[in-house]
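Colleague: I've got a model open and want to get my bearings before heading back to the bench. Can you walk me through it?

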Amino acid sequence: MPGRLKMRNSKKGVTLVEAIVAAAIMVIMVAGIIAIIGFANSLISKNKVQDDGFATAEGIADAVMTAISNGNTDPDDLEALTGAEHVRDNSDFSSDPNAKEFKFIYGTDAKGISGYKIYVRVNDSEGNQLVYITAFAAVKGGTTA
């Protein structure tokens, strides 16, 4: 019939089901990306804590080595110098949160040089060992055996 509009079946457009499926896929992708970013941030944070702990332990060891090399083996002086606690020779390091501790024991190294073996431990906020390093400081005027 002339003058009458015919309705066309258009195949263009998106059905409601297709739109819901596409939205669900996007939500899953965004959730995955957010999880990856969160994991990366936790790794970065953990590495920063370890780096800070190592720098602290290194600073303590350096200060103790320098003082001992200059003849100062007074634990009270070294505690004041380093801000760390001196642990007696036969005592164990503590598992206190955020503990910074050191000890030194007189002896000779592998080359026969007399001096002090220095042990430094730094704990994390939960009391777990974060860093443990050892060093050797020759006594001023240290001699070979």
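**Core, hairpin and one buried serine**

Modeller: Sure, and keep in mind that this is a predicted model. In the largest nonpolar core, which has 18 residues, the members touching the most others are Val-64, Ile-68, Leu-78, Phe-102, Phe-104, Ile-118 and Val-120.

Colleague: Which element gives the most residues to this core?

Modeller: Two or more core residues come from each of α1 (16-69), β2 (100-108), β3 (114-123) and β4 (129-138). Among these, the top contributor, with 6 residues, is α1.

Colleague: Which residues of the 60s does Phe-104 touch?

Modeller: Leaving out residues up to four places away in sequence, its contacts include Thr-73, Pro-75, Leu-78, His-86 and Ile-118. From the 60s, Phe-104 touches Val-64 and Ile-68.

Colleague: On to the hairpin: what is the bridge partner of Gly-115 in β4?

Modeller: β3 and β4 run antiparallel, with 9 bridges joining them. Between the two strands sit 5 residues, and Gly-127 in this hairpin has a positive phi near 90 degrees. As for Gly-115, its partner in β4 is Ala-138.

Colleague: Is Ser-94 buried or exposed?

Modeller: Ser-94 sits in the loop between β1 (85-86) and β2. Beyond its sequence neighbours within four places, Ser-94 contacts Ala-99, Glu-101, Arg-121 and Asn-123. Its relative accessible area is 16%, and the cut-off for buried is under 20%, so Ser-94 counts as buried.

Colleague: How far is the backbone nitrogen of Asp-96 from a polar atom of the Ser-94 side chain?

Modeller: This one pairs a side-chain polar atom of Ser-94 with the backbone nitrogen of Asp-96. The distance between them is 3.4 Å.

Technical notes
Residues numbered from 1 in each chain as written. Predicted model: local features only at pLDDT ≥ 70, side-chain atom pairs only at ≥ 80, totals over all residues. Heavy atoms only, no water. Core = buried A, V, L, I, M, F, W, Y, C linked by side-chain atoms within 4.5 Å. Buried < 20%, exposed > 50% of the residue type's maximum accessible area, 1.4 Å probe, protein only. Helix = DSSP H or I, 4+ residues; strand = E, 2+ residues; numbered from the N terminus. Contact = heavy atoms within 4.5 Å. Pairing = 2+ DSSP bridges. Polar contact = N/O pair within 3.5 Å; in protein donor to acceptor, adjacent residues only side chain to side chain.
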